[in-house]
Amino acid sequence: MHTLIFILLLIAGTALGDTPPKYPASFLWGAAFSAHQTEGSLAGGGNNSDWHDFEHGRIGKKKNIKNGDTTDIAIDHWNRYGEDFQIAKDLGLQTIRTSVAWEKIEPQPGQFNQEVIRHYRAVLMKMRDHGIKPMIALHHFVHPKWFHEQGGWTNSESPKWFLRYAEHVVRELGDLCDLWITFNEPVIQVGGGYMIGKIPPLVRNPWKAFDVAWNMARAHRMAAHMIHQVQGVPENARDAQGRLRGVGIAYFTQIFDPADPNNPGDVLVAQQVEELASWAFVRAVETGRLQLKFPKSLARVVLGDVDRALPATDLPTNAGPMQDWIGINYYSRYLIKKSLISPLGVTWLSPPGTAGDNGWIIYPNGIERLLKKASEFNLPLVISENGLADAADSRRPQFIRDHLASLDRALKAGADVRGYYFWSLLDNFEWLEGYEKRFGLVEIKYDDNLKRVPRASAAVYKNEIELRKTQ
(Lines give C-alpha, C1' and ligand atoms only; values in the text may rest on other atoms or scores of the structure.)
Protein backbone atom coordinates (compact mmCIF):
# COMPACT_ATOMS: atom_id res chain seq x y z
CA MET A 1 0.00 0.00 0.00
CA HIS A 2 2.77 2.44 0.91
CA THR A 3 4.54 1.72 -2.40
CA LEU A 4 1.35 2.43 -4.36
CA ILE A 5 0.84 5.72 -2.54
CA PHE A 6 4.46 6.71 -3.25
CA ILE A 7 4.06 6.00 -6.97
CA LEU A 8 0.77 7.90 -7.25
CA LEU A 9 2.20 10.90 -5.45
CA LEU A 10 5.31 10.92 -7.61
CA ILE A 11 3.21 10.81 -10.77
CA ALA A 12 0.97 13.61 -9.51
CA GLY A 13 3.95 15.72 -8.55
CA THR A 14 5.48 15.37 -11.99
CA ALA A 15 2.26 16.04 -13.87
CA LEU A 16 1.14 19.15 -12.00
CA GLY A 17 2.53 22.63 -12.53
CA ASP A 18 5.44 23.99 -14.54
CA THR A 19 8.71 22.17 -14.91
CA PRO A 20 10.97 23.53 -12.17
CA PRO A 21 14.30 25.17 -13.06
CA LYS A 22 17.61 23.37 -12.81
CA TYR A 23 19.52 24.46 -9.75
CA PRO A 24 23.29 24.97 -9.65
CA ALA A 25 25.25 21.80 -8.95
CA SER A 26 26.55 23.52 -5.81
CA PHE A 27 23.04 23.93 -4.34
CA LEU A 28 22.59 21.98 -1.09
CA TRP A 29 19.41 19.92 -0.66
CA GLY A 30 18.95 18.69 2.88
CA ALA A 31 16.94 18.26 6.05
CA ALA A 32 17.38 19.46 9.61
CA PHE A 33 17.03 18.48 13.26
CA SER A 34 18.87 19.29 16.50
CA ALA A 35 20.80 17.35 19.14
CA HIS A 36 18.46 17.90 22.08
CA GLN A 37 15.36 17.02 20.08
CA THR A 38 16.70 13.69 18.85
CA GLU A 39 19.71 12.31 20.73
CA GLY A 40 18.32 11.52 24.17
CA SER A 41 19.32 13.54 27.23
CA LEU A 42 20.50 10.57 29.26
CA ALA A 43 23.11 9.70 26.63
CA GLY A 44 26.44 11.51 26.90
CA GLY A 45 25.53 13.57 29.96
CA GLY A 46 22.68 15.63 28.54
CA ASN A 47 20.89 15.54 31.89
CA ASN A 48 23.30 18.36 32.77
CA SER A 49 21.19 21.03 31.03
CA ASP A 50 18.61 23.71 31.76
CA TRP A 51 16.08 22.05 29.44
CA HIS A 52 16.47 18.67 31.15
CA ASP A 53 15.68 20.34 34.47
CA PHE A 54 12.80 22.23 32.84
CA GLU A 55 11.32 19.03 31.42
CA HIS A 56 11.53 17.34 34.83
CA GLY A 57 9.96 20.25 36.74
CA ARG A 58 13.11 21.49 38.43
CA ILE A 59 12.76 24.81 36.61
CA GLY A 60 9.24 26.22 36.66
CA LYS A 61 6.13 24.18 37.35
CA LYS A 62 6.06 20.41 37.74
CA LYS A 63 4.80 19.61 34.22
CA ASN A 64 6.21 22.06 31.67
CA ILE A 65 5.94 19.93 28.52
CA LYS A 66 2.72 18.68 26.97
CA ASN A 67 1.80 15.16 28.11
CA GLY A 68 4.71 15.21 30.53
CA ASP A 69 7.12 14.32 27.72
CA THR A 70 10.89 14.45 28.24
CA THR A 71 13.96 14.00 26.08
CA ASP A 72 15.44 11.26 28.27
CA ILE A 73 15.43 8.91 25.27
CA ALA A 74 14.01 11.19 22.55
CA ILE A 75 14.35 9.18 19.32
CA ASP A 76 17.73 7.72 20.34
CA HIS A 77 19.65 9.38 17.51
CA TRP A 78 22.73 9.21 19.75
CA ASN A 79 22.86 5.46 19.10
CA ARG A 80 20.98 5.22 15.79
CA TYR A 81 22.65 7.99 13.79
CA GLY A 82 24.01 5.51 11.24
CA GLU A 83 20.51 4.28 10.47
CA ASP A 84 19.23 7.85 10.20
CA PHE A 85 21.99 8.88 7.81
CA GLN A 86 21.28 5.87 5.61
CA ILE A 87 17.67 7.02 5.38
CA ALA A 88 18.85 10.51 4.43
CA LYS A 89 21.10 9.06 1.74
CA ASP A 90 18.26 6.95 0.37
CA LEU A 91 16.18 10.14 0.08
CA GLY A 92 18.87 11.76 -2.04
CA LEU A 93 19.85 14.34 0.57
CA GLN A 94 23.23 16.01 0.14
CA THR A 95 23.40 17.72 3.53
CA ILE A 96 22.05 17.51 7.07
CA ARG A 97 21.75 20.40 9.47
CA THR A 98 22.03 19.33 13.11
CA SER A 99 23.71 20.59 16.28
CA VAL A 100 26.12 19.56 18.99
CA ALA A 101 25.13 19.64 22.67
CA TRP A 102 26.99 22.29 24.67
CA GLU A 103 25.90 20.67 27.95
CA LYS A 104 27.47 17.35 26.92
CA ILE A 105 30.69 18.86 25.57
CA GLU A 106 31.37 21.29 28.46
CA PRO A 107 29.63 19.84 31.55
CA GLN A 108 31.62 22.16 33.84
CA PRO A 109 33.14 25.58 33.03
CA GLY A 110 36.30 25.04 30.98
CA GLN A 111 36.15 21.24 31.38
CA PHE A 112 35.55 19.42 28.10
CA ASN A 113 34.37 15.86 27.72
CA GLN A 114 36.61 14.36 25.05
CA GLU A 115 34.55 11.17 24.95
CA VAL A 116 31.62 13.26 23.73
CA ILE A 117 33.87 14.95 21.18
CA ARG A 118 34.94 11.50 19.93
CA HIS A 119 31.27 10.59 19.60
CA TYR A 120 30.57 13.67 17.48
CA ARG A 121 33.61 12.92 15.34
CA ALA A 122 32.16 9.48 14.68
CA VAL A 123 28.80 11.07 13.82
CA LEU A 124 30.36 13.50 11.34
CA MET A 125 32.54 10.83 9.77
CA LYS A 126 29.51 8.57 9.30
CA MET A 127 27.63 11.47 7.74
CA ARG A 128 30.47 12.12 5.31
CA ASP A 129 30.79 8.39 4.55
CA HIS A 130 27.21 8.59 3.29
CA GLY A 131 28.08 11.52 1.02
CA ILE A 132 26.29 13.99 3.29
CA LYS A 133 27.72 17.42 4.10
CA PRO A 134 27.25 18.51 7.72
CA MET A 135 25.95 21.91 8.79
CA ILE A 136 26.48 22.17 12.56
CA ALA A 137 24.75 24.57 14.96
CA LEU A 138 26.70 25.39 18.10
CA HIS A 139 23.58 26.56 19.98
CA HIS A 140 19.99 25.39 19.65
CA PHE A 141 18.25 26.77 22.76
CA VAL A 142 19.87 24.43 25.34
CA HIS A 143 22.56 25.38 27.89
CA PRO A 144 24.73 23.62 30.45
CA LYS A 145 23.30 23.79 33.95
CA TRP A 146 26.32 25.81 35.15
CA PHE A 147 25.66 28.46 32.49
CA HIS A 148 22.04 28.76 33.60
CA GLU A 149 23.05 29.01 37.28
CA GLN A 150 25.46 31.88 36.56
CA GLY A 151 22.77 34.03 34.96
CA GLY A 152 22.95 32.71 31.42
CA TRP A 153 22.97 35.36 28.73
CA THR A 154 22.38 38.18 31.22
CA ASN A 155 25.93 37.67 32.53
CA SER A 156 28.40 40.04 30.83
CA GLU A 157 30.91 37.16 30.68
CA SER A 158 28.53 34.92 28.70
CA PRO A 159 29.96 35.82 25.25
CA LYS A 160 33.43 34.74 26.43
CA TRP A 161 32.02 31.49 27.83
CA PHE A 162 30.31 30.74 24.53
CA LEU A 163 33.49 31.59 22.60
CA ARG A 164 35.52 29.18 24.76
CA TYR A 165 33.10 26.35 23.99
CA ALA A 166 32.76 27.24 20.30
CA GLU A 167 36.52 27.37 19.77
CA HIS A 168 36.98 23.95 21.35
CA VAL A 169 34.33 22.47 19.04
CA VAL A 170 35.65 24.10 15.87
CA ARG A 171 39.25 23.08 16.58
CA GLU A 172 38.19 19.51 17.41
CA LEU A 173 35.68 19.02 14.59
CA GLY A 174 36.70 21.60 11.98
CA ASP A 175 38.49 19.06 9.79
CA LEU A 176 35.09 17.37 9.30
CA CYS A 177 32.86 20.44 9.06
CA ASP A 178 33.22 23.85 7.40
CA LEU A 179 29.60 25.00 7.61
CA TRP A 180 28.59 26.46 10.98
CA ILE A 181 25.59 28.08 12.66
CA THR A 182 26.34 29.96 15.85
CA PHE A 183 22.73 30.41 16.99
CA ASN A 184 19.42 28.97 15.96
CA GLU A 185 16.72 31.64 16.21
CA PRO A 186 18.31 33.96 18.79
CA VAL A 187 15.15 36.08 18.91
CA ILE A 188 13.23 33.05 20.25
CA GLN A 189 15.78 32.67 23.05
CA VAL A 190 15.48 36.39 23.78
CA GLY A 191 11.70 36.60 23.58
CA GLY A 192 10.69 33.17 24.82
CA GLY A 193 13.29 32.96 27.58
CA TYR A 194 13.48 36.54 28.86
CA MET A 195 10.55 38.59 27.52
CA ILE A 196 7.47 36.37 27.90
CA GLY A 197 9.20 33.68 29.98
CA LYS A 198 7.84 30.47 28.48
CA ILE A 199 11.12 28.64 27.99
CA PRO A 200 14.20 28.49 30.24
CA PRO A 201 15.11 30.53 32.17
CA LEU A 202 11.45 31.67 32.45
CA VAL A 203 12.25 35.37 32.94
CA ARG A 204 9.79 38.16 32.16
CA ASN A 205 11.88 41.29 32.06
CA PRO A 206 12.24 43.30 28.83
CA TRP A 207 15.39 45.06 30.06
CA LYS A 208 17.07 41.72 30.72
CA ALA A 209 15.85 40.56 27.32
CA PHE A 210 17.68 43.49 25.70
CA ASP A 211 20.85 42.55 27.59
CA VAL A 212 20.49 38.99 26.31
CA ALA A 213 20.13 40.14 22.70
CA TRP A 214 23.18 42.37 23.11
CA ASN A 215 25.29 39.57 24.60
CA MET A 216 24.18 37.00 22.02
CA ALA A 217 25.05 39.39 19.19
CA ARG A 218 28.46 39.88 20.80
CA ALA A 219 28.91 36.13 21.17
CA HIS A 220 28.10 35.50 17.52
CA ARG A 221 30.55 38.10 16.26
CA MET A 222 33.34 36.79 18.50
CA ALA A 223 32.67 33.18 17.43
CA ALA A 224 32.44 34.12 13.74
CA HIS A 225 35.82 35.85 13.93
CA MET A 226 37.28 32.79 15.65
CA ILE A 227 35.92 30.45 12.97
CA HIS A 228 37.46 32.61 10.26
CA GLN A 229 40.77 32.56 12.10
CA VAL A 230 40.71 28.76 12.36
CA GLN A 231 39.28 27.92 8.94
CA GLY A 232 39.88 31.04 6.89
CA VAL A 233 37.43 33.56 5.46
CA PRO A 234 35.57 31.88 2.59
CA GLU A 235 35.51 34.01 -0.53
CA ASN A 236 31.87 34.82 -1.21
CA ALA A 237 30.97 31.97 1.20
CA ARG A 238 32.01 29.27 -1.29
CA ASP A 239 34.83 26.82 -1.28
CA ALA A 240 36.85 25.73 -4.34
CA GLN A 241 34.03 23.39 -5.45
CA GLY A 242 31.45 26.16 -5.30
CA ARG A 243 29.61 24.86 -2.24
CA LEU A 244 28.46 27.01 0.65
CA ARG A 245 30.71 27.17 3.68
CA GLY A 246 31.55 29.51 6.53
CA VAL A 247 29.38 30.76 9.38
CA GLY A 248 25.90 32.19 9.70
CA ILE A 249 22.83 32.36 11.92
CA ALA A 250 19.49 30.59 11.43
CA TYR A 251 17.05 33.47 11.91
CA PHE A 252 13.39 33.34 12.91
CA THR A 253 11.70 34.96 9.89
CA GLN A 254 7.96 34.77 9.34
CA ILE A 255 5.51 36.85 7.31
CA PHE A 256 3.92 39.66 9.33
CA ASP A 257 1.18 41.49 7.42
CA PRO A 258 -1.16 44.21 8.72
CA ALA A 259 -4.57 42.85 9.70
CA ASP A 260 -6.09 45.83 7.86
CA PRO A 261 -3.79 47.16 5.10
CA ASN A 262 -5.87 50.38 5.07
CA ASN A 263 -5.33 51.04 8.78
CA PRO A 264 -2.14 53.07 9.35
CA GLY A 265 -1.85 51.74 12.90
CA ASP A 266 -1.93 48.10 11.72
CA VAL A 267 0.56 48.87 8.95
CA LEU A 268 2.98 50.52 11.37
CA VAL A 269 2.86 47.80 14.02
CA ALA A 270 3.23 45.07 11.39
CA GLN A 271 6.38 46.76 10.12
CA GLN A 272 7.66 47.09 13.67
CA VAL A 273 7.00 43.44 14.56
CA GLU A 274 8.70 42.29 11.37
CA GLU A 275 11.78 44.39 12.10
CA LEU A 276 12.06 43.29 15.72
CA ALA A 277 11.36 39.61 15.10
CA SER A 278 13.20 39.04 11.84
CA TRP A 279 15.78 41.67 11.00
CA ALA A 280 16.98 43.67 14.02
CA PHE A 281 19.42 40.94 15.06
CA VAL A 282 20.74 40.66 11.50
CA ARG A 283 21.48 44.39 11.53
CA ALA A 284 23.12 44.20 14.96
CA VAL A 285 25.51 41.52 13.73
CA GLU A 286 26.29 43.43 10.54
CA THR A 287 26.60 46.96 11.95
CA GLY A 288 27.83 46.35 15.49
CA ARG A 289 24.85 48.21 16.99
CA LEU A 290 21.75 46.73 18.57
CA GLN A 291 18.87 49.05 17.68
CA LEU A 292 15.31 48.29 18.81
CA LYS A 293 12.61 50.87 18.25
CA PHE A 294 9.26 50.83 20.05
CA PRO A 295 6.79 53.50 18.90
CA LYS A 296 5.59 55.20 22.06
CA SER A 297 2.19 55.92 20.53
CA LEU A 298 1.48 52.19 20.18
CA ALA A 299 2.61 50.58 23.41
CA ARG A 300 0.73 50.82 26.72
CA VAL A 301 3.99 50.00 28.48
CA VAL A 302 6.59 52.47 27.21
CA LEU A 303 9.84 50.58 26.80
CA GLY A 304 11.93 53.23 25.15
CA ASP A 305 14.23 52.69 22.20
CA VAL A 306 17.39 50.62 22.52
CA ASP A 307 20.55 51.77 20.76
CA ARG A 308 23.67 50.04 22.12
CA ALA A 309 26.98 49.63 20.37
CA LEU A 310 28.62 46.24 20.68
CA PRO A 311 32.00 46.65 22.45
CA ALA A 312 34.85 47.44 20.09
CA THR A 313 37.15 45.51 22.43
CA ASP A 314 35.37 42.23 21.55
CA LEU A 315 37.16 42.08 18.20
CA PRO A 316 40.42 43.24 16.65
CA THR A 317 40.39 46.12 14.21
CA ASN A 318 39.33 45.05 10.72
CA ALA A 319 38.06 41.71 12.02
CA GLY A 320 36.48 40.81 8.70
CA PRO A 321 32.94 39.67 7.82
CA MET A 322 30.61 38.93 10.71
CA GLN A 323 28.52 36.36 8.82
CA ASP A 324 29.08 34.58 5.53
CA TRP A 325 25.41 33.88 4.85
CA ILE A 326 21.93 34.35 6.31
CA GLY A 327 19.75 31.40 7.32
CA ILE A 328 16.00 31.77 6.86
CA ASN A 329 13.75 29.68 9.13
CA TYR A 330 10.25 30.01 7.68
CA TYR A 331 6.95 28.38 8.61
CA SER A 332 3.91 30.64 8.51
CA ARG A 333 2.15 34.00 8.11
CA TYR A 334 0.55 36.20 10.78
CA LEU A 335 -1.71 39.24 10.73
CA ILE A 336 -0.69 42.04 13.07
CA LYS A 337 -3.24 44.39 14.59
CA LYS A 338 -2.85 47.50 16.72
CA SER A 339 -4.22 46.74 20.19
CA LEU A 340 -5.19 48.86 23.20
CA ILE A 341 -5.16 45.77 25.43
CA SER A 342 -1.79 44.15 24.74
CA PRO A 343 1.12 45.64 26.76
CA LEU A 344 3.16 46.09 23.60
CA GLY A 345 0.26 47.50 21.63
CA VAL A 346 -0.06 44.62 19.15
CA THR A 347 -2.10 41.46 18.67
CA TRP A 348 -1.03 38.50 16.49
CA LEU A 349 -3.79 36.82 14.47
CA SER A 350 -3.78 33.77 12.21
CA PRO A 351 -5.30 34.44 8.79
CA PRO A 352 -7.89 32.02 7.41
CA GLY A 353 -6.65 29.06 5.42
CA THR A 354 -5.28 25.55 5.63
CA ALA A 355 -3.03 25.01 8.64
CA GLY A 356 -0.72 22.43 10.12
CA ASP A 357 -1.61 20.37 13.17
CA ASN A 358 -0.23 23.18 15.38
CA GLY A 359 -2.40 25.85 13.75
CA TRP A 360 0.34 27.47 11.69
CA ILE A 361 -1.17 28.72 8.42
CA ILE A 362 0.33 27.33 5.23
CA TYR A 363 1.55 30.23 3.09
CA PRO A 364 4.05 29.13 0.40
CA ASN A 365 4.56 32.63 -1.05
CA GLY A 366 6.31 33.56 2.17
CA ILE A 367 9.55 31.97 0.96
CA GLU A 368 9.69 34.20 -2.11
CA ARG A 369 8.83 37.30 -0.08
CA LEU A 370 11.36 36.62 2.67
CA LEU A 371 14.18 35.84 0.26
CA LYS A 372 13.50 39.10 -1.58
CA LYS A 373 13.66 41.02 1.71
CA ALA A 374 16.77 39.19 2.95
CA SER A 375 18.52 39.89 -0.36
CA GLU A 376 18.80 43.52 0.76
CA PHE A 377 21.68 42.47 3.02
CA ASN A 378 23.74 41.37 -0.02
CA LEU A 379 24.72 38.05 1.54
CA PRO A 380 24.16 34.48 0.34
CA LEU A 381 20.93 32.96 1.66
CA VAL A 382 19.91 29.52 2.89
CA ILE A 383 16.48 28.20 3.78
CA SER A 384 17.68 26.68 7.05
CA GLU A 385 14.23 25.44 8.18
CA ASN A 386 10.88 24.98 6.45
CA GLY A 387 8.32 22.36 7.36
CA LEU A 388 4.86 21.36 8.55
CA ALA A 389 3.32 19.58 11.53
CA ASP A 390 1.18 16.93 9.82
CA ALA A 391 0.88 13.55 11.53
CA ALA A 392 -1.41 12.18 8.80
CA ASP A 393 0.93 13.37 6.05
CA SER A 394 -2.12 14.59 4.16
CA ARG A 395 -0.89 18.16 3.53
CA ARG A 396 2.90 17.80 3.59
CA PRO A 397 3.31 16.48 0.00
CA GLN A 398 1.61 19.55 -1.49
CA PHE A 399 3.31 21.78 1.09
CA ILE A 400 6.67 20.63 -0.27
CA ARG A 401 5.72 21.20 -3.89
CA ASP A 402 4.25 24.64 -3.25
CA HIS A 403 7.09 25.91 -1.10
CA LEU A 404 9.73 24.69 -3.52
CA ALA A 405 7.79 26.40 -6.33
CA SER A 406 8.07 29.61 -4.31
CA LEU A 407 11.79 28.96 -3.95
CA ASP A 408 11.96 28.46 -7.73
CA ARG A 409 10.45 31.89 -8.30
CA ALA A 410 12.90 33.52 -5.89
CA LEU A 411 15.82 31.85 -7.65
CA LYS A 412 14.55 32.99 -11.06
CA ALA A 413 14.19 36.53 -9.69
CA GLY A 414 17.88 36.57 -8.79
CA ALA A 415 17.95 35.68 -5.08
CA ASP A 416 21.35 34.21 -4.14
CA VAL A 417 19.97 31.08 -2.47
CA ARG A 418 22.42 28.24 -1.92
CA GLY A 419 20.56 25.62 0.07
CA TYR A 420 17.25 24.33 1.40
CA TYR A 421 16.77 22.30 4.60
CA PHE A 422 13.42 20.70 5.31
CA TRP A 423 12.33 20.52 8.96
CA SER A 424 12.51 17.81 9.91
CA LEU A 425 14.12 14.63 8.67
CA LEU A 426 12.48 12.69 11.52
CA ASP A 427 9.69 13.22 14.00
CA ASN A 428 11.24 14.53 17.20
CA PHE A 429 10.73 16.42 20.46
CA GLU A 430 9.09 19.72 19.54
CA TRP A 431 9.95 21.67 22.70
CA LEU A 432 6.82 22.72 24.65
CA GLU A 433 4.67 20.48 22.43
CA GLY A 434 6.64 17.34 23.28
CA TYR A 435 6.16 14.50 20.78
CA GLU A 436 2.59 15.33 19.82
CA LYS A 437 3.40 17.42 16.74
CA ARG A 438 4.94 15.42 13.89
CA PHE A 439 7.20 17.33 11.47
CA GLY A 440 9.17 14.40 10.08
CA LEU A 441 9.59 13.20 6.54
CA VAL A 442 10.19 9.98 8.46
CA GLU A 443 7.65 8.80 11.03
CA ILE A 444 8.89 7.59 14.40
CA LYS A 445 6.85 4.70 15.80
CA TYR A 446 7.07 5.59 19.48
CA ASP A 447 5.14 2.46 20.42
CA ASP A 448 7.29 0.16 18.29
CA ASN A 449 10.91 0.52 19.44
CA LEU A 450 11.27 3.93 17.72
CA LYS A 451 11.02 2.30 14.31
CA ARG A 452 11.70 4.67 11.41
CA VAL A 453 9.12 4.64 8.59
CA PRO A 454 9.47 7.08 5.66
CA ARG A 455 6.24 8.90 4.90
CA ALA A 456 4.83 9.45 1.43
CA SER A 457 6.06 13.06 1.60
CA ALA A 458 9.63 11.77 1.80
CA ALA A 459 9.26 10.29 -1.68
CA VAL A 460 7.76 13.57 -2.90
CA TYR A 461 10.71 15.54 -1.56
CA LYS A 462 13.14 13.12 -3.16
CA ASN A 463 11.39 13.49 -6.51
CA GLU A 464 11.26 17.28 -6.28
CA ILE A 465 15.01 17.36 -5.65
CA GLU A 466 15.67 15.13 -8.64
CA LEU A 467 13.58 17.39 -10.88
CA ARG A 468 15.80 20.34 -9.96
CA LYS A 469 19.21 18.72 -10.01
CA THR A 470 21.69 19.65 -12.70
CA GLN A 471 22.83 16.44 -14.36
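How many salt bridges does the structure hold? The count in this predicted model is 32 salt bridges. Three of these pairs are described below, followed by a pair of helices.

One salt bridge joins the side chains of E433 and K66, with N to O at 2.8 Å. E433 sits in the loop between β13 (417-423) and β14 (442-445). K66 sits in the loop between α3 (50-55) and α4 (77-90). The two residues are 367 residues apart in sequence, so the salt bridge ties together parts of the chain that are separated along it. E433 has a relative accessible area of 27%, and is therefore partly exposed. K66 is also partly exposed, because its relative accessibility is 31%. The pair does not stand alone: K66, E433, E436 and K437 are linked in a network of salt bridges.

A second salt bridge forms between R283 and E275. Their closest N and O atoms are 2.8 Å apart. R283 has 31% relative accessibility and so counts as partly exposed. E275 has a relative accessible area of 23%, so E275 is partly exposed.

A third salt bridge brings together the side chains of D357 and R395, at 2.5 Å from N to O. D357 belongs to the loop between β11 (346-349) and α12 (365-374). R395 belongs to the loop between β12 (381-386) and α13. The partners are 38 residues apart in sequence, and the pair therefore ties together these two loops. The relative accessible area of D357 is 34%, which means that D357 is partly exposed. For R395 the value is 22%, so R395 is partly exposed.

Helix α13 covers residues 396-412, and helix α14 covers residues 456-468. The axes of α13 and α14 come within 8 Å. They cross at roughly 25 degrees. Angles under 35 degrees count as roughly parallel, and α13 and α14 are therefore roughly parallel to each other. The crossing of α13 and α14 is right-handed. On the α13 side, the contact is made by R396, P397, I400, R401, L404, A405 and D408. On the α14 side, S457, V460, Y461, E464 and R468 take part. The residues of this contact divide into six nonpolar, one polar and five charged.

How values were computed. Residues are numbered from 1 along each chain as its sequence is written. This is a predicted model: local features need pLDDT of at least 70, side-chain atom pairs count only at pLDDT 80 or more; totals for chains, interfaces and linings use all residues. Side-chain values use heavy atoms; hydrogens and water are left out. Axes are lines fitted to C-alpha atoms, for helices over the stretch in contact, and angles run from 0 to 180 degrees between N-to-C directions. Helices (H or I, at least four residues) and strands (E, at least two) are DSSP runs, numbered from the N terminus. Angles under 35 degrees count as roughly parallel, over 145 as roughly antiparallel, 65 to 115 as roughly perpendicular and the rest as oblique. A crossing is left-handed if the near helix is turned anticlockwise from the far one by less than a right angle, and right-handed if clockwise. Contact means heavy atoms within 4.5 Å. Ala, Val, Leu, Ile, Met, Phe, Trp, Tyr, Cys and Pro count as nonpolar, Asp, Glu, Lys and Arg as charged, and the others, Gly among them, as polar. A salt bridge is a side-chain nitrogen of Lys or Arg within 4 Å of a carboxyl oxygen of Asp or Glu. Buried means under 20% relative accessible area, exposed over 50%, partly exposed in between (1.4 Å probe, protein chains only).
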